[in-house]
Amino acid sequence: MENTYTHMKGSGPLARGIDLIGQVSRWLAVAMVLLQFAVVVARYLFDAGAVMAQEAILYLFGTMFMLAMADTLASDRHVRVDMIYHGLSPRWRRRIDAAGILLFLLPLCLFMLWTSQDYVLSSWAAREASREAAGLPGVFVFKTVIPVALTLVILQALAVLFRCLRAGGRADG
């Protein structure tokens, strides 16, 4: 489906970077599925299991979704109540998107960024590893995805907001 909301996706370095991160998140999904398949095969065919593999699946899942957020916003695949939105002119869509970014998305992302700060920093300070003896080391690295992903969403939201404002009162584009 072609993106008809031209104010969502940009063409500069940020857009290229977010697109690349979106591609990485899609490959993480493939890795997660393959790893889950291997765990199931190992469990049922060889009666073997691996805590590290199970945790890797969990962290791949979280990383995939966190990294996909900015790309999802950029490509207009995020969740929205479209009953009214699709019937509106591009000018009104931009207004609604700008208001949503200012009133909901940016405050929520900034709040989450602020409240996750201690969580991530304490994990780094402790060089947190899995609670399981055979689990993953370096859990603190995975927790770093939280502020990185939120920062990317904030940057993408600001880019969309500026495109909405720059388009101003134009009825198209």
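Where is Gly49 found? Select Gly49, and you are in the loop between α1 and α2, where helices (H or I, at least four residues) and strands (E, at least two) are DSSP runs numbered from the N terminus. This is a predicted model, in which local features need pLDDT of at least 70 and side-chain atom pairs count only at pLDDT 80 or more, while totals for chains, interfaces and linings use all residues. Residues are numbered from 1 along each chain as its sequence is written, and side-chain values use heavy atoms, with hydrogens and water left out.

**The whole chain**

Colour the protein chain by secondary structure, and six helices and zero strands appear, in the order α-α-α-α-α-α along the sequence. Of the 173 residues in the chain, 33% are buried; buried means under 20% relative accessible area, exposed over 50%, and partly exposed in between, with a 1.4 Å probe and protein chains only. Counting contacts (heavy atoms within 4.5 Å) between residues at least 6 apart in sequence, 75% join residues at least 24 apart.

**From α1 into the first loop**

Select Gln23 next, which belongs to helix α1, residues 13–46. Gln23 counts as partly exposed because its relative accessibility is 35%. If you draw a distance from the C-alpha of Gln23 to that of Asp71, you will find 8.7 Å, although 48 residues separate the two in sequence.

Move on to Asp47, which sits in the loop between α1 and α2 and counts as exposed because its relative accessibility is 73%. Most residues other than glycine have a negative phi. Asp47, however, has a positive phi, near 50°.

Returning to Gly49 in this loop, you can see that Gly49 is exposed, because its relative accessible area is 69%. Its C-alpha atom is separated by 6.7 Å from that of Val39, which is 10 residues away along the chain.

**The nonpolar cores**

Now show Ile18, Ala70, Ile101, Leu106, Cys109 and Ala157, the residues with the most contacts inside the largest nonpolar core, which has 16 residues. A nonpolar core is a set of buried Ala, Val, Leu, Ile, Met, Phe, Trp, Tyr and Cys residues joined through side-chain atoms within 4.5 Å. Helices α2, α4 and α6 each supply at least two residues of this core, and α6 gives the most, with eight residues.

Which residues does Ala70 touch, not counting residues up to four places away in sequence? Select Ala70 and its surroundings, and you will find Ile18, Leu152, Val153 and Gln156. Apart from the largest core lies another, of nine residues, among them Val39, Leu60, Met64 and Leu67.

Follow the contact from Ala70 to Leu152, which is placed in helix α6 and counts as buried because its relative accessibility is 14%. With residues up to four places away in sequence left out, Leu152 touches Ile18, Ile21 and Ala70. The C-alpha atoms of Leu152 and Gly17 are 9.5 Å apart in space, while the two residues are 135 apart in sequence.

**Along α4**

Select α4 and look for its kink of about 45°, centred on Ile101; the bend at a residue is the angle between axes fitted to the seven residues ending there and the seven starting there. Buried residues in this helix include Arg93, Arg94, Asp97, Ala98, Ile101 and Leu106, and further buried ones include Cys109, Ser116, Val120 and Ser123.

Just after α4 comes Arg127, whose place is in the loop between α4 and α5 (139–143). Arg127 has a positive phi near 45°, and it counts as exposed because its relative accessible area is 52%.

**The largest pocket**

End the tour at the largest pocket, in which about 500 Å³ of space lies. On a 1 Å grid over the protein atoms alone, a pocket is an open set of points where a 1.4 Å probe fits, with protein on both sides within 12 Å along at least five of seven lines, and lining residues have an atom within 4 Å of a point. Grid points are joined across faces, edges and corners, and a volume is the space filled by probe spheres set on the points.

Of the 21 residues in the lining, select Leu73, His78, Val79, Gly100 and Leu105, which are the closest to the pocket's centre. Helices α2 (51–74), α4 (90–125) and α6 (145–167) are the elements that give two or more residues to this lining, and α4 provides the largest share, 10 residues. The lining divides into 16 nonpolar, three polar and two charged residues, where Ala, Val, Leu, Ile, Met, Phe, Trp, Tyr, Cys and Pro count as nonpolar, Asp, Glu, Lys and Arg as charged, and the others, Gly among them, as polar.
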